[in-house]
Amino acid sequence: MSVPSLGPTVLLASGRLGRKVGINRSDRPVFIDSEGHICCEHGERAPTIQAWINLERAKDEGDVTNRPSVCDCQNLDGLLTRYDIDEAQWPKLTCPLFKQLGSLGAAEAKFNTRPQRFALTTHEGVELWVQPSGMLVCKHGNSKKTLNKLLQNTNDKAKFRSSRIVKCGCSSLAVPRRVGSVFAAAKSKLAPRLKA
Ligand SMILES: [Zn+2]
Ligand SMILES: [Zn+2]
């Protein structure tokens with residue numbers, strides 16, 4: 001199927017970049033990702049969604065809440081259509097993630113000395129933000145390491161008394177593990193110091 005024009009690059013909930021290629025018969029947008037695969041509006045590919053649907057049918061309850069994703073798609077409408085899209089058109093991470101988020105118009109906040117940009121909210125409801133170094137932080141500017149320390153020291157607040165960190169209750173910074181996601185790309189080549 002030929003595509004008249006692709007949408008702008010956006011960051012989908014799975015952490016994959018996408019450009020809208022069309023609308024399926026349920027009137028939901030479908031996207032092409034950075035590896036040329038077709039994704040649902042949540043950034044999930046057809047085989048993944050099919051596997052979830054099969055599992056849910058096997059359990060005979062259609063329970064979508066166990067998916068490690070915000071995706072609740074119940075069919076593959078539009079995901080199996082073959083589009084003829086040149087690789088040059090695929091959405092790509094072309095610069096460090098922090099910068100890319102800026103070009104995507106992501107919200108920005110500042111904690112202590114470092115700015116951070118919003119990437120996405122995980123299926124667990126945790127906001128993932130990114131610092132200029134590529135470091136993932138919660139919406140209060142805390143890294144995974146700091147969050148773990150906070151968790152271990154809930155009965156020992158004195159350790160953090162002098163610090164300016166926000167003693168938030170964000171429990172985890174679990175990144176969606178998806179092939180071709182911006183987090184996977186950032187880890188492998190664009191921000192080698194990133195410790196997710
Ligand atoms: Zn979906
Ligand atoms: Zn937090």
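Strands E7 and E8 are paired in the antiparallel sense, and two bridges connect them. I should say at once that the model is predicted. Within this pairing, Val 130 stands opposite Leu 136 of E8. The two strands form a hairpin with five residues between them, and in its turn Gly 134 has a positive phi of about 100 degrees.

Let me move to the other partner of E7. Strand E7, residues 127-130, is joined to E6 by four bridges, again antiparallel. One of the facing pairs is Thr 121 with Glu 127, the latter in E7. The hairpin of E6 and E7 has five residues between the strands, and here Gly 125 takes a positive phi near 80 degrees.

Strand E6 covers residues 114-121 and is also joined to E5, through four bridges in the antiparallel sense. Glu 108 has Arg 117 of E6 as its bridge partner.

Taken together, these strands make an open sheet of four, in the order E5-E6-E7-E8, with antiparallel pairing. Which strands stand at the edges? They are E5, residues 108-111, and E8, residues 136-137; each has a single partner strand, so one side of each is left without a neighbour in the sheet. As a general reminder, strands of a sheet pair through backbone hydrogen bonds, either parallel or antiparallel.

I turn now to the nonpolar interior. The largest nonpolar core has 36 residues. Those with the most contacts inside it are Val 30, Cys 40, Ala 119, Leu 128, Val 130 and Leu 136. The core draws at least three residues from each of domain 1, residues 9-89, and domain 2, residues 93-186. What does Leu 128 touch, leaving aside residues up to four places away in sequence? Its contacts are Ala 119, Leu 120, Thr 122, Leu 136, Leu 173 and Val 175.

A further residue to consider is Gly 22, which lies in strand E2, residues 17-23. Is Gly 22 buried or exposed? Gly 22 is partly exposed, because 18 other C-beta atoms lie within 10 Å, whereas a buried residue has 20 or more. Gly 22 and Leu 79 are 57 residues apart in sequence, and their C-alpha atoms are 10.0 Å apart in space.

Finally, the chain as a whole. Its secondary structure comes to four helices and eight strands, which follow the pattern β-β-β-β-α-α-β-β-β-β-α-α along the sequence. Of its 196 residues, 34% count as buried. Among contacts between residues at least 6 apart in sequence, 57% join residues at least 24 apart.

Key:
Residues are numbered from 1 along each chain as its sequence is written. Chains are lettered from A and ligands numbered from 1 in the order in which they are written. This is a predicted model: local features need pLDDT of at least 70, side-chain atom pairs count only at pLDDT 80 or more; totals for chains, interfaces and linings use all residues. Two strands pair if DSSP finds at least two bridges between them. A residue is buried if 20 or more other C-beta atoms lie within 10 Å of its own, exposed if 12 or fewer, and partly exposed in between; C-beta atoms are placed from the backbone. A nonpolar core is a set of buried Ala, Val, Leu, Ile, Met, Phe, Trp, Tyr and Cys residues joined through C-beta atoms within 7 Å. Domain bounds come from an automatic or database domain assignment. Two residues are in contact if their C-beta atoms, placed from the backbone, lie within 7 Å.
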